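Student: Could you take me through the inside of this protein, with a close look at its nonpolar packing and its cysteines?

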Amino acid sequence: MLLSVYHLTEYFYPDAARDSFNELWLYPVDDHRQGLLEFRLNIAPDVMPRSRQDYFHNRIYSFHVTHPHTQLRVEMRARVLTFATPEPLPVPVQALSSLESRFFEFLAPTSRVPLHYNWLELLGLRRPKPRENLHGYLLEVTEHLHRSFRYDAAATELNTPLLQFVEGRAGVCQDYAQAMLAVLRSVGIPARYVSGYLATGVGSQGSHAWVEAFVPGSGWYGYDPTNNSTINEQYIKKAHGRDYDDCPPLKGLRRGGGKEQLSVLVQVEVLSGSF
């Protein structure tokens, strides 16, 4: 499927800001599931961004605005060709037992995904049986979380604790994804947070988030509890990490400027059914 993405982020400052240093996770992944055909990045005030790979091998851009400014505009356009992904091979959950040291980072707690709570009990989920099909259990968790929560953009904020989302039973795709991370890591399934875009479905109006779990013999495979779906051709991946903090669309620091106003516009369009 051929998809186009337009992502506009604008900050407006009541006073002049300066020494604004920013990092962007906006570059779509180019791998076996999707091919990046075009990528354009425009920044105002005009600066020269630098690109590098971060610790998790995501392509990120950084830039520094030194002079005073009252507006920061970051505009990204991309065209991506996505491909269908075959269903993972059947493998028992116990096949993961020997891989703990290899995937420690995606099994360990983080500030956004703490593991000292009994997430299985809080969410009404069971622990998987050693011999059952791993993919089948992952589908069960995906569906259960989808049914357990209501998508409501006003229910949570960026820094709402996971426990508050679980107790309130309403939130956004970031919350759904991090709840699934908590469940999977609690039962020893390596799982990572993914940021990207979705052509149609809940969460397609902005940046979207989902989960990738490691399935031995098949690699990392994507699950979207917000939409009760596995990752298909309508999804565009940008980056992954342990949680949201490892791959936000944009983060930065500045001096001055006062309390900013933020405006974000995301548009994903299907250009054709095939290339």
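Tutor: Here is a walk through the buried interior, ending with the cysteines. Keep in mind that this is a predicted model.

Start with the largest nonpolar core, which has 44 residues. If you want to find its best-connected members, click on Leu 123, Leu 134, Leu 138, Val 141, Val 183, Leu 184 and Ile 189, the residues with the most contacts inside this core. Helices and strands both feed into it: helix 1 (119-123), helix 2 (134-148), helix 3 (162-168) and helix 4 (173-186) each supply at least two residues, and so do strand 8 (191-198), strand 9 (208-215) and strand 10 (219-224). Helix 4 gives the most, with nine residues.

Val 141 is a handy place to zoom in. Skip its neighbours within four places in sequence, and Val 141 is in contact with Leu 125, Met 180, Val 183 and Leu 184. There's also a second, separate core, with 27 residues; Met 1, Val 47, Tyr 61 and Val 268 are among them.

Now for the cysteines. A search of the whole structure turns up zero disulfides. Take Cys 173: its closest cysteine sulfur is in Cys 247, and at 12 Å that is too far for a bond. Going the other way, the closest cysteine sulfur to that of Cys 247 belongs to Cys 173, again 12 Å off and too far for a bond. A disulfide would need the two sulfurs within 2.5 Å. As for burial, Cys 173 counts as buried because its relative accessibility is 6%, and Cys 247 is buried too, with a relative accessible area of 1%.

Definitions and conventions: Residues are numbered from 1 along each chain as its sequence is written. This is a predicted model: local features need pLDDT of at least 70, side-chain atom pairs count only at pLDDT 80 or more; totals for chains, interfaces and linings use all residues. Side-chain values use heavy atoms; hydrogens and water are left out. A nonpolar core is a set of buried Ala, Val, Leu, Ile, Met, Phe, Trp, Tyr and Cys residues joined through side-chain atoms within 4.5 Å. Buried means under 20% relative accessible area, exposed over 50%, partly exposed in between (1.4 Å probe, protein chains only). Helices (H or I, at least four residues) and strands (E, at least two) are DSSP runs, numbered from the N terminus. Contact means heavy atoms within 4.5 Å.
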